[in-house]
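User: I am new to reading structures. Can we go through one together, feature by feature?

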Amino acid sequence: MSALCPVCNLTLPLSLIQSHVNSHFEDDEIDPQIESDHHLALQLASSSSDPSPSTSALRKENPFDKVVSLVHLQTKSQFYSVGHGGLICLLRNCLESELKSKSKHLECSTSLLSGFVDHFQSSKEDKGWGCGWRNIQMQCSHLLSCRVEAKRVLFGGSNFVPDIPSLQRWLELAWSKGFDVSGALHFDNRICGSKRWVGTTECAALLRSFGLKARIVDFAPKKSKSMYLSVPGSAIAPKVKSYGPMDRYVVKKGGSGKGKAVDSHSSNSSRISKGAVLMEWVWNYFSDNRLNVSSGVHMTSKGPLYFQHEGHSRTIVGIQRRLLGTTFTPQYNLLILDPADFTRAIEKALIEKRGWEGYLKRGAHTLTCPEYQMLYVDNGIADGEELEKLKTIDSHFVEF
């Protein structure tokens, strides 16, 4: 067994790692770059008011020992690793093959994709309550793979996605440092070992505690605006959380399931109106608000979106737009990874290029919920005053 030194990134046996890290700080003066690199980790580790029983043993240690202990305590999440360059690469191949089919309604098709994302499926242990954590893991897999600055600060520089118990511990530590105080109170400041649902606000608190600029966007009717985080003074207002059982698809009870059409050709006009708002926002996000994007399949610099609604959450890894008819009316399909699906089944469908649409495509007609939340992560690492501001979870409100 070995561990990564959070100061110099040297890998050493566990028996030597603590003394090695302490040796970096035996001198009176600490290297300014080292101090800067680990400022955020120290903020988490140095809490003296951490209520978590799982971290109570760390309280009497000095700050640098705590960093080592946190890295040592966390466990890497087990998941099925997809070959062939990963799921996003396989999805890109399918979208390109679809485009080459020369079907009339695909002639003006454009697909925008995020970078690498691992799929974390729900297990027997977390089925029915763990979708939020699984989407946090998907978000982190992208950050660790595609953003150097995130890789440096996330989870003590461990360079892996922790399992759910470890993520719960990190979230409690974030709460103990003042990230999302009202959200922490909702959970009585404790989440370790529980099966309670989490959502975008918990994901934001966890990621922000590392200095990552996680942003929340609320989609809801205008009459609901006063209940959302974007309104001044509403930090303690009720948040949209997943209270219901984990549903498999974004359809009403009794609606169509997998195997039925998931494309948006026969969309109901009222659902299209609401869904179009969300779809256009997602398109603008992945296109970086560019007006003209050529047809084809494009990889973007944008990360995946944590996609939350009542009862379930999923991860949006891209969007497809088709311009139909002489008026070039846009028709969208979200490209989604669902924790409720089996990774091997998704991989098989993508490799065989058969049935993959049922796993990954969702048209506007599936957007039947009254409210949605999105989370994305801006570039850069916050520090100082900017980091302090991130402790208050806010959001941008988009009216349906």
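Analyst: Let us start with one charged pair. E386 forms a salt bridge with K213, and their closest N and O atoms are 3.3 Å apart. Keep in mind that this is a predicted model.

User: What is the general idea behind such a pair?

Analyst: Side chains of opposite charge can pair when their charged atoms come close. Here the partners are E386 and K213.

User: Which elements hold E386 and K213, and how many residues apart in sequence are the parts that the pair ties together?

Analyst: E386 lies in helix α14, residues 384–389, and K213 lies in strand β4, residues 212–220, so the salt bridge ties together parts that are 173 residues apart in sequence.

User: Does E386 count as buried or exposed, or something in between?

Analyst: Use the cut-offs: under 20% relative accessibility is buried, and over 50% is exposed. E386 has 34%, so E386 counts as partly exposed.

User: And what does K213 count as?

Analyst: K213 has 14% relative accessibility, so K213 counts as buried.

User: How many salt bridges does a search of the whole structure find?

Analyst: The search finds 12. One of them joins E98 and R322, with the closest N and O atoms 3.7 Å apart. E98 lies in helix α5 (residues 87–100) and R322 in strand β7 (residues 312–324), so this pair ties together parts 224 residues apart in sequence. Both E98 and R322 are buried.

User: Which residues do salt bridges with shared partners join into one network?

Analyst: That network holds E98, R322 and K361. Another salt bridge runs between R134 and D126, where the closest N and O atoms are 2.6 Å apart. R134 and D126 are both buried.

User: Now helices. At roughly what angle do the axes of α8 and α10 cross?

Analyst: To read a helix pair, look at the distance between the axes, then at the angle. The axes of α8 (residues 164–176) and α10 (residues 200–208) come within 9 Å and cross at roughly 75 degrees. That makes α8 roughly perpendicular to α10.

User: Which residues make the contact?

Analyst: From α8 come L167, W170, L171, A174 and W175. From α10 come E202, A205 and L206. Sorted by class, the contact has seven nonpolar residues, no polar ones and one charged residue.

User: How many of the residues of α10 are buried?

Analyst: Nine of its nine residues are buried, so α10 is mostly covered. Among them are T200, C203 and R208. The cover includes α6 (131–146), α8, β4, β6 (305–309), β10 (372–381) and α14. You have met β4 and α14 before: they hold K213 and E386.

User: Let us try a single residue. Where is A150 found?

Analyst: A150 is found in helix α7, residues 148–153. Its relative accessibility is 0%, so A150 counts as buried. Next, ask what touches it. Leaving aside neighbours within four places in sequence, A150 is in contact with L143, L212 and I381. Also check C-alpha distances: A150 and G380 are 230 residues apart along the chain, yet their C-alpha atoms are separated by 8.0 Å.

User: What about the whole chain: how many helices and strands are there?

Analyst: The protein chain has 14 helices and 11 strands. Of its 400 residues, 54% count as buried. Take the contacts between residues at least 6 apart in sequence: 75% of these join residues at least 24 apart. The chain exposes about 18,000 Å², and carbon and sulfur atoms supply 52% of that area.

Key. Residues numbered from 1 in each chain as written. Predicted model: local features only at pLDDT ≥ 70, side-chain atom pairs only at ≥ 80, totals over all residues. Heavy atoms only, no water. Salt bridge = Lys/Arg side-chain N within 4 Å of Asp/Glu carboxyl O. Helix = DSSP H or I, 4+ residues; strand = E, 2+ residues; numbered from the N terminus. Buried < 20%, exposed > 50% of the residue type's maximum accessible area, 1.4 Å probe, protein only. Contact = heavy atoms within 4.5 Å. Areas by Shrake-Rupley, 256 points an atom, 1.4 Å probe, with all protein chains shown as cover. Axes fitted to C-alpha atoms, helices over the stretch in contact; angles between N-to-C directions. Parallel < 35°, antiparallel > 145°, perpendicular 65-115°, else oblique. Nonpolar A, V, L, I, M, F, W, Y, C, P; charged D, E, K, R; others polar.
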